[in-house]
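Student: Got a minute to go through this model with me? I'd like to start with helix packing.
Tutor: Sure, put it up.

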Amino acid sequence: MSELNVNPNLPSEASGTQLIANAELSLPSLSASPTGEFLAQYLAETQYVTASLYPAGGTSFYWLYQGPLMNLQTVLINAENLDGNEGPVANQLAVAKILQAYYMWHITDRWGDVPYTEALQGADNFTPAYDTQEYIYNNLFTLLDEANEQIVSGNISNDIIYGGDMAKWKKLGNTIHLLMALRLSEVDPVKGQEEFNKALAAGIMTSNDDNLVFHHLANANNQSYWYSQWVTQNREWWALTETLVGEMKPVADPRLEVYGQPARKTGEYIGLNFGETVNMNTEDYSLLGTAIYAQDAPVYLVTYAQALFAQAEAAKRGWITGGDAEAEAYYNEAVKQSVMQWTGSNEGAEELLSQPGIAYNPANAIEQIATQRWIHLFMHGYEAWAEWRRTGYPDNLVTPGGKAVPRRQMYDALEASLNAANYNAALQRQFNGEDGLYGRVWWDQ
């Protein structure tokens, strides 16, 4: 009799590509975060100065495990049940691996050692051990290799990012691999160079059309986080920082008109000192740009310009051939593609690159590349913060209330009680037992 209550037209379980699509819906949250913008010092608070003063306290990673990662793990452990009518099973698995690697990379770069090998087992293990960041990185390199090698011809269904186009997924996976490899520049440059060149050989992004972008819609069901804050809730709480405007305004950077608005009082672009607690308001400073908080604003996550900046740095470091000549070519193209991505035009890019201090200079090329990368990564604060920790540039981020920029985020306080033994072991291994904002993750040494 039980089958009388079963609707044959309404599946009781999500398919593999539906689970992948659901995992994709969480991608904007890796970028759309005031905390991330504060860590990168892109935005300053205009009214309620709290988070930008870097208060101590835990940040939860549970939602990432319980949501997108569990969906992707369900795909990976049920390969025999995937529906080939939704695209080659090998491709469904490859996309799940690429997304899983991307989410785990994001997690470990924010917190350090985190559950990985024993994670995502549901009721079978509520207290997973923490793996070292080095182990996680090496495992993710392998996971991305597997994804690259198993992709075959044939698109997949229900893909809201690339419309099922596996050529773009292949480039994305290899570009993530490339960017992860560069993260090892200070801790293990030999391994970093090896993985970097492996990713290059496998094929990375070749244009802005390959970018990993989440496209919001102009409706309330799938609108931008910043639209809901700025328009729906009428929160004009964020202005561009003095640091950001100071880098862009003097050189007439064409991206500035997209990033922010002229101050209402003067009609000029004026940044607000990050962490300012006295002279902050919404009239004297450049508020967040209208394109940034549009209802259907895109969220840029992994981009062609990032790959070009990475190759510029790799050439300068000697990881790839060409020296300064190649580094300059990649750097110039990265800036041009960034301007194109943000403004929809190349207008102003050549003039920007001719400016003193912006024009490539072999003597301080790493600083130039890193600073332009930081400008390009606007509103992708967690990624920009990770690159700042790795390179130290831009080197003029401020210390609000005397507090330096954090080097990591603290674990959720619940871990101290719910997973005490593994939590304490991870803290002892990394940070002499202290869960604070200033312990350095493995690659940040």
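Student: At what angle do helix α12 and helix α14 pack?
Tutor: This is a predicted model, so keep that in mind throughout. Helix α12 (residues 323–343) and helix α14 (residues 365–376) pack at an angle of about 10°. Their axes are 10 Å apart.

Student: Roughly parallel or roughly antiparallel, then?
Tutor: The angle is about 10°, and angles under 35 degrees count as roughly parallel. Therefore α12 is roughly parallel to α14.

Student: Which residues meet there?
Tutor: From α12 come Tyr331, Val335, Ser338, Gln341 and Trp342. They meet Gln368, Ile369, Gln372 and His376 of α14.

Student: And how does that contact divide by class?
Tutor: Four residues are nonpolar and five are polar. There are no charged residues in the contact of α12 with α14.

Student: Switching to aromatics. How many aromatic pairs are there?
Tutor: The count comes to 26 aromatic pairs. One of them joins Tyr259 and Trp342. Trp342 also belongs to the α12 side of the helix contact we just discussed.

Student: What's the geometry of Tyr259 and Trp342?
Tutor: Edge-to-face. The rings sit 5.0 Å centre to centre, with 80° between the planes.

Student: Where in the chain are the two partners?
Tutor: Tyr259 is in helix α10 (residues 256–259), and Trp342 is in helix α12. They are 83 residues apart, and the pair links distant parts of the chain.

Student: On to empty space. What volume does the largest pocket have?
Tutor: About 400 Å³. Its lining has 18 residues. Those nearest the centre are Tyr62, Gln66, Asn125, Phe126 and Pro128.

Student: Which elements give two or more residues to that lining?
Tutor: α3 (62–76) and α16 (415–418). The largest share, four residues, is from α3.

Student: How do the lining residues of the pocket divide?
Tutor: Into 10 nonpolar, six polar and two charged.

Student: And cavities? How many of 30 Å³ or more?
Tutor: Four. The largest cavity has a volume of about 110 Å³.

Student: What lines the largest cavity?
Tutor: Among them are Trp105, His106, Asp109, Arg110, Arg183, Glu383 and Arg389. α4 (89–111) and α15 (381–391) each supply at least two residues of this lining. By class, the lining has five nonpolar, two polar and five charged residues.

Student: Last topic, backbone. Which peptide bond is cis?
Tutor: The one from Tyr393 to Pro394, with omega near 0°. Pro394 lies in the loop between α15 and α16. Both helices came up before: α15 in the cavity lining, α16 in the pocket lining.

Student: What about Gln41's phi, positive or negative?
Tutor: Positive, about 60°, although Gln41 is not a glycine. Gln41 sits in the loop between α2 (34–40) and β1 (43–45).

Student: Why flag these two spots?
Tutor: Because most residues other than glycine have a negative phi, and most peptide bonds are trans.

Definitions and conventions. Residues numbered from 1 in each chain as written. Predicted model: local features only at pLDDT ≥ 70, side-chain atom pairs only at ≥ 80, totals over all residues. Heavy atoms only, no water. 1 Å grid on protein atoms, 1.4 Å probe; cavity = no way out; pocket = protein on both sides within 12 Å on 5 of 7 lines; lining within 4 Å. Points joined across faces, edges and corners; volume = space filled by probe spheres on them. Nonpolar A, V, L, I, M, F, W, Y, C, P; charged D, E, K, R; others polar. Axes fitted to C-alpha atoms, helices over the stretch in contact; angles between N-to-C directions. Parallel < 35°, antiparallel > 145°, perpendicular 65-115°, else oblique. Contact = heavy atoms within 4.5 Å. Phe/Tyr/Trp six-rings, centres within 6.5 Å; stacked < 30°, edge-to-face > 60°.
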